[in-house]
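Here are some worked exercises to try with the sequence and the coordinates side by side. Have a go at each task before you read its solution.

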Amino acid sequence: MTQPTVDLETVELFERELKLCKVKADEAVAVVTAGNERAEYAQAFMLAARRLGAEAFQVNVPHLQDRAAGVQGRHPLAGNRRAIGAVKGADLLIDLMGLLFSKEQAEIQASGTRVLRVVEPIHVLKQMFPTEDLRRRVEAEKRILESGRQLRFTDEAGTDVCYRLGQYPAISEYGYTDEPGRWDHFPSGFAFTHADDGGVEGTVVLKPGDIMSAFKRYVQTPIRLTIREGMITDIAGDGIDAKLMRQYIESFDDPRAYAVSHIGWGLNERANWHQFATSRHAASEYVMNALSFNGNVLFSTGPNTELGGTNDTPCHLDLPMQGCSLWVDDVRILDKGRVVHPEMRVERGA
Ligand code: FE
């Protein structure tokens, strides 16, 4: 077998990442992979862990052929009790296959293992590399989402929608993890929560330039969504985008696919709205620039299981929007796509 090609620059980048995760000499770092996917990342993370004096090992399982793009919570580790047992023995698990939103991931976290998802290409990992200042701002967002009782956002295209908050906690994603059992995604830069069950009312207009991550598309023609009691009741629009969205959601033949999902805003000043234009040919990755760019509203539809809800529909759409104004309990956070809340402004020189 040929060895995966690993360069020193990647090992050094991953060593910096593991230092942010506070990997110590008495810890074990596990890497989980499927088939030959990201074999060079696996090697580079293990070498980086060794440079910090930690133990390192890889759990590799067969790649599954039936994974549909955009379908979450399904992965090749499911049902493999011995492999799950092995990774629970590590202090930090580097997830190179995508355990996202699965019960296996929840089980691994519950054992105290911190989990770091890594699927983006190396140039994006460098470009969006996390900082402690990003963590500070994303944690401020998480606190606001957790203590808030109402979130509202608007835009000039006609969006005006309200979320009732309080039932669910919030999750932060700033790109590294140094707390037992905590999950993160390298790289990221936002927090999110869910509305109370049935607690979203209003209109969302997706306008040209907003992003439909699952379709690898910038919206070209407006889509007008009517939302009642947390469900999309109408998808209006004459263009191709409304048609795509209608047909895609319909294809799941699942009324729960029309639910409104997580809500939050992007805070990574190193992430680019335009990056998506250069990475549209990738299968399921390359979305973190779109989800994280500073000042987006990350609107989404579908499941709410990642925060303890019961809707596990596999139909999930992340729909980052530009140019929105957003308030939590009448405190303005975004003004037409600019972050104006003092706790979330980028620190100079950070
Ligand atoms: Fe999402």
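**Exercise 1. List the buried residues of helix H1 and find what they pack against.**

Step 1. The buried residues of H1 are Thr10, Val11, Leu13, Phe14, Glu15, Glu17, Leu18 and Leu20. Buried means under 20% relative accessible area, exposed over 50%, and partly exposed in between, with a 1.4 Å probe and protein chains only. Helices (H or I, at least four residues) and strands (E, at least two) are DSSP runs numbered from the N terminus.

Step 2. Two notes on the source: this is a predicted model, where local features need pLDDT of at least 70, side-chain atom pairs count only at pLDDT 80 or more, and totals for chains, interfaces and linings use all residues. Residues are numbered from 1 along each chain as its sequence is written, and side-chain values use heavy atoms, with hydrogens and water left out.

Step 3. The partners of these buried residues are H2, strand E3 (92-95), strand E4 (114-117), helix H5 (122-127) and helix H6 (132-147); contact means heavy atoms within 4.5 Å.

Step 4. Now look at the ends of H1 (residues 8-20). Asp7 caps the N-terminal end, with a side-chain oxygen 3.2 Å from the backbone nitrogen of Glu9. Just after the helix, Lys22 has a positive phi of about 55 degrees.

**Exercise 2. Identify the protein donors of the iron ion and place them in the chain.**

Step 1. His262 (NE2), His316 (NE2) and Asp318 (OD) are the protein donors, 2.1 to 2.2 Å from the ion. Donors are N, O and S atoms within 2.8 Å of the metal (3.2 Å for Na, K and Ca); water is not among the atoms, so sites may look incomplete.

Step 2. Along the chain, the donors follow the spacing H-x53-H-x1-D. His262 sits in the loop between helix H7 (240-251) and strand E15 (263-266), while Asp318 is in strand E17 (residues 317-321), so this pair ties together parts 56 residues apart in sequence.

Step 3. Check accessibility: His262 is buried at 5%, and Asp318 also counts as buried, at 12%.

**Exercise 3. Which residues touch the most other members of the largest nonpolar core?**

Step 1. A nonpolar core is a set of buried Ala, Val, Leu, Ile, Met, Phe, Trp, Tyr and Cys residues joined through side-chain atoms within 4.5 Å. The largest has 74 residues, and Ile94, Leu151, Phe153, Tyr163, Met245, Trp265 and Phe299 touch the most other members.

Step 2. Helix H2 (residues 39-51) gives the most to this core, with 7 residues.

Step 3. Apart from it lies another core of 17 residues, including Val32 and Ile108.

**Exercise 4. Examine the salt bridges of Glu139 and Lys207.**

Step 1. A salt bridge is a side-chain nitrogen of Lys or Arg within 4 Å of a carboxyl oxygen of Asp or Glu. The structure holds 29 of them.

Step 2. Glu139 pairs with Arg135, the closest N and O atoms being 3.1 Å apart. These two are 4 residues apart in helix H6, about one helical turn. Glu139 is partly exposed at 25%, whereas Arg135 is buried at 14%.

Step 3. Both also belong to a salt-bridge network with Lys22, Asp178 and Glu179.

Step 4. Lys207 pairs with Asp155, their closest N and O atoms 3.0 Å apart. Lys207 is buried at 16%, as is Asp155 at 10%.

Key. The expected span of a helix is 1.5 Å times one less than its number of residues. A polar contact is a pair of N or O atoms within 3.5 Å; within protein, one must be able to donate a hydrogen and the other to accept it, and residues adjacent in sequence count only if both atoms are side-chain atoms.
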